[in-house]
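Ready for a few structure-reading exercises? Take a look at the model below, then work through each task and check the steps.

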There are 2 protein chains.
Amino acid sequence: MKGVTIEDVAREAGVSRQTVSRAINDKGEISPKTKAKVLAAIQQLGYTPNLQARSMVTQRTSTIGLIVGDIANPYFSSVARGLQDIAGQHGYSVFISNTDENADVEHQALKTMAAQRVDGIVLFSHELAEEKLIAFANTYRPIVLINRAVTHPNIHLMAVDHVDGIRQSFTHIWDAGHRNIGMLSPVQSEGFKNSRRLNAFKAEMKQRGLSIENKIFPAQSTFDGGHAAMLALLKAQPDVSAVICYNDRMAIGALQACRETGRSVPGDISIVGFDNIRVSGMVTPPLTTAAVDRYELGRVAVESLLKLINDDELSLAPRVIPMQLVERESVTVAPTQVLVN
Amino acid sequence: MKGVTIEDVAREAGVSRQTVSRAINDKGEISPKTKAKVLAAIQQLGYTPNLQARSMVTQRTSTIGLIVGDIANPYFSSVARGLQDIAGQHGYSVFISNTDENADVEHQALKTMAAQRVDGIVLFSHELAEEKLIAFANTYRPIVLINRAVTHPNIHLMAVDHVDGIRQSFTHIWDAGHRNIGMLSPVQSEGFKNSRRLNAFKAEMKQRGLSIENKIFPAQSTFDGGHAAMLALLKAQPDVSAVICYNDRMAIGALQACRETGRSVPGDISIVGFDNIRVSGMVTPPLTTAAVDRYELGRVAVESLLKLINDDELSLAPRVIPMQLVERESVTVAPTQVLVN
DNA sequence: GTGAAAGCGCTAACAT
DNA sequence: ATGTTAGCGCTTTCAC
C-alpha cells in the first residue's frame with residue numbers, strides 16, 4: 001500500500017489536516033471552494049482514508065463478524081450473502097469465521113472478532129459452553145445469537161421456527177391422508193441432545209393419537225445416513241406410507257433407498273425433507289420440504305445487529321423466523337388408506 | 001466492548017506498558033516472573049489486545065480480503081473455506097466481499113479492502129476494466145488474481161486449467177468411441193467474450209477432424225438453459241451420442257431433457273459436466289464431470305498471498321491449477337458406433 | 001471557515 | 001530486564 005496519508009493531502013492542497021478531514025467527512029462547515037481543492041488533491045494523490053486510524057479515534061471499526069459452522073455449507077453461505085449485502089449497504093465490512101461446530105474453535109473465533117474490535121457479531125454456536133458464552137457477552141456487545149437460547153442483556157436471540165416447520169410438514173401429510181408415518185432422525189450425541197425437530201414430530205404424533213413406537217429411525221444426518229435409516233424403516237414398517245426426514249440430505253438418501261427397493265415416491269411412499277437445500281428441486285422426484293429463507297435470515301440478523309450497534313441501551317425481544325413448506329412432488333395423497341378420523 | 005487497555009493491565013501488574021507488550025508478544029527479554037504477573041493481570045482484567053491499535057504501528061493488519069462473485073455459490077464458498085482455514089492458521093482474519101460480477105461493485109470492493117488496509121487480496125474478477133485493475137495494483141500490493149490474465153508486478157496470476165479439463169473430458173468420450181459429439185455452451189455476452197472451455201472444445205474437434213457445424217448450442221449457463229439447449233441439440237442432431245456441457249448445471253438440465261424425450265443416459269447419450277458441483281453425484285445418473293479441488297484452490301491462493309505479504313520484493317510465476325475428471329455414470333462406450341480411426 | 005493541539009492503544013527505538 | 005519517549009493516521013476539541 002502506498003502510504004499516502006491525510007498529511008500528504010493537506011500539504012498538496014495547501015490546507016491543514018483537519019480541513020482535509022472535514023472535506024472527507026462532510027461535517028463541520030467548510031467552504032465549497034476549499035472542499036473542491038481538497039477533493040482534487042485526494043483524487044490526484046490517490047488517497048484512501050485509513051479506516052484503522054479512523055477507528056482508533058471514533059471507537060468504531062465499521063466492521064462486523066459472522067461466525068458460522070462452515071461457510072462451504074450452502075445454508076450458511078446464503079445467510080452470509082444476505083448479511084453481507086445489508087452490511088455493505090450500511091458501509092460495514094464483514095469478517096467470516098468457521099467453527100466446524102467445535103467449542104474451542106467457537107471460543108477462539110469470538111476472541112479474534114473481539115480483538116479485531118468488530119462493532120458487532122452474528123453468531124451460530126451450538127457447542128460453546130453456556131457459561132463461556134455468557135462470560136464473553138459480559139465483555140462484548142452486541143451479539144445476535146441464532147438458533148440457541150442463551151439469556152443475556154448483550155445477546156439478542158433469533159431462532160428459526162423449526163417446530164412450526166415440522167408441524168407444517170406433518171399437517172401436510174396428515175391432510176393427504178397418511179396415517180402410517182415415520183421419521184428419519186439424527187443420532188443424539190454429546191453436543192446434540194435435543195432435536196427440536198424430533199421433539200416436534202413426537203408431539204404431532206402424540207397429539208394425533210399415533211404411537212411413535214418403532215417409527216423413528218436415527219442415523220447420521222447425511223445422504224448415506226438417510227439411505228441406511230430408510231432401509232431400516234422399510235424393514236421394520238413395510239407399510240409405512242409417509243416419512244418425514246430430519247433434513248434434505250437424509251431425504252435424498254431415503255429416495256435412493258426407495259428406488260433400490262422398488263418403491264415409487266410418491267406413489268408408494270411420500271417423503272418430506274427439511275431445509276430446502278439446492279439439490280432438493282433437482283432430484284427425482286423433486287422434494288417437498290420445509291424451508292427458511294436463508295438470505296432473509298442473514299438480512300434480518302444484520303438489521304437487528306445494526307440497530308443494536310447504534311443504540312447502546314437498546315434491547316430487542318427474541319425474534320422468530322418462520323418457515324414455509326415448499327410443495328414439490330415427493331408427497332401425494334395416501335393410496336388406499338382407510339381414514340380413521 | 002469494555003475498554004480495558006494495555007495501560008490498565010500495566011497499572012494492575014505494577015509495570016510499564018512496554019513490559020505488558022513484551023509479555024503479550026513474547027519478544028524481547030522479559031523475566032518469567034514479571035511475565036507471569038502480567039499474564040495474571042491480563043487474565044483478571046479480561047484484556048484483549050486491540051489489533052487496530054497494533055496495526056497502526058506495525059503497519060500490518062493481520063487481515064486479508066477475498067473478493068468473489070457470490071459467496072452463496074458453492075464454488076466460491078469452498079474456495080473461501082480453504083482460504084480461511086490456512087489464513088486462520090497463520091493468524092489472519094478474512095474479509096469477504098461479493099461482486100455479482102459487476103464492474104462497479106468489483107471496483108468498490110477493492111477500494112473498501114484497501115481502506116481497511118488488508119495485508120493482501122485474493123481476487124476473482126471478470127468485469128472490472130483492465131486499466132482500472134492496473135491502476136489499483138499501482139497503489140496496492142499484493143493481489144492474487146484468479147482465472148484472469150492481467151500482467152502487473154503487484155499481481156500474482158493463478159488459473160484453473162479449464163482447457164485441460166475440456167481436453168480430458170473430450171479424450172474420455174473420444175476414447176469411449178463417441179464421434180458425434182455436441183456441446184452446450186453459454187451465450188457470449190459483453191463481459192464474457194471468450195469462453196476458454198468453448199474454445200478448447202472447438203480445438204479438440206478440429207484436431208480430430210470433426211466439424212463444429214451445428215454442434216454447439218448456446219444458452220444461459222443454468223439448469224433451465226441446459227435443458228433448453230439440449231432440446232435444441234436433440235432436434236438438430238438426433239443421432240448425437242455424447243455431449244459436453246459448459247457446467248454441471250447445464251448438464252443436469254440436459255439430463256432432464258433426455259429423460260423427457262425418452263433417451264437414456266448413458267444408454268443412448270453420454271453427458272459430461274464441468275465443475276463437479278455438489279449435486280452432480282446425487283443426480284440420476286451421477287454425472288461424470290471435470291473438477292477442480294476448490295478447497296485446494298483457496299489454500300494455494302492464500303499460501304502464495306502470504307509469501308508475497310512477507311516479502312515485498314517477491315514475485316511469483318503464474319500458477320496453473322490442474323483439473324481432474326471425476327468419472328461417474330453418465331458416460332459409457334458409444335453404442336453402435338463405427339470406429340473411424 | 002480554518003488551524004493547532006491532544007490523544008485513541010499500541011509497539012519500535014532508545015535509554016537505564 | 002524494565003522503563004521512557006515518540007509516533008502510527010486520524011478525528012475531536014478548542015482556539016482563532
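**Exercise 1. Which residues come nearest to DNA strand D?**

Step 1: Of the 27 residues around DNA strand D, the nearest are Ile6(A), Ser21(A), Gln18(B), Glu29(B) and Met56(B). Here "around" or "near" says that a residue's C-beta atom, placed from the backbone, lies within 6 Å of the molecule or strand.

Step 2: Before going on, know what you're looking at: this is a predicted model, where local features need pLDDT of at least 70, side-chain atom pairs count only at pLDDT 80 or more, and totals for chains, interfaces and linings use all residues. Residues are numbered from 1 along each chain as its sequence is written, while chains are lettered from A and ligands numbered from 1 in the order in which they are written.

Step 3: Now find the helices. H2 and H4 of chain A, along with H2 and H4 of chain B, each give at least two residues to the surface near DNA strand D. (Helices are DSSP runs of H or I with at least four residues, strands are runs of E with at least two, and both are numbered from the N terminus.)

Step 4: Sort by class: the surface near DNA strand D has 10 nonpolar, 13 polar and 4 charged residues. Ala, Val, Leu, Ile, Met, Phe, Trp, Tyr, Cys and Pro count as nonpolar, Asp, Glu, Lys and Arg as charged, and the others, Gly among them, as polar.

**Exercise 2. Which residues come nearest to DNA strand C?**

Step 1: There are 27 residues around DNA strand C, and Glu29(A), Met56(A), Thr5(B), Ile6(B) and Ser21(B) come nearest.

Step 2: By class, you get 10 nonpolar, 13 polar and 4 charged residues on the surface near DNA strand C.

**Exercise 3. At what angle do H5(A) and H12(A) cross?**

Step 1: The axes of helix H5 (residues 74–89) and helix H12 (residues 294–310) of chain A come within 7 Å and cross at roughly 45°. Axes are lines fitted to C-alpha atoms, for helices over the stretch in contact, and angles run from 0 to 180 degrees between N-to-C directions.

Step 2: So H5(A) is oblique to H12(A). Under 35 degrees counts as roughly parallel, over 145 as roughly antiparallel, 65 to 115 as roughly perpendicular and the rest as oblique.

Step 3: Among the residues making the contact are Tyr75(A) and Leu83(A) of H5(A) and Leu297(A) and Val302(A) of H12(A). Contact needs C-beta atoms, placed from the backbone, within 7 Å.

Step 4: The residues of this contact split into 10 nonpolar, 3 polar and 5 charged.

**Exercise 4. In what order do the 6 strands of the open sheet in chain B stand?**

Step 1: The order is E7-E6-E8-E9-E10-E12, with mixed pairing. Two strands pair if DSSP finds at least two bridges between them.

Step 2: Strand E7 (216–219) and strand E12 (324–326) of chain B each have a single partner strand, so one side of each lacks a neighbour in the sheet.

Step 3: Check both senses. E9(B) and E10(B) pair in the parallel sense over 3 bridges, and Val272(B) stands opposite Thr288(B). E10(B) and E12(B) run antiparallel, joined by 3 bridges, with Thr289(B) opposite Val326(B).

**Exercise 5. Where is Pro285(B)?**

Step 1: Pro285(B) is in the loop between E9 and E10 of chain B.

Step 2: Look at the bond before it: a cis peptide bond joins Thr284(B) and Pro285(B), with omega about -10°.

Definitions and conventions
Two residues are in contact if their C-beta atoms, placed from the backbone, lie within 7 Å.
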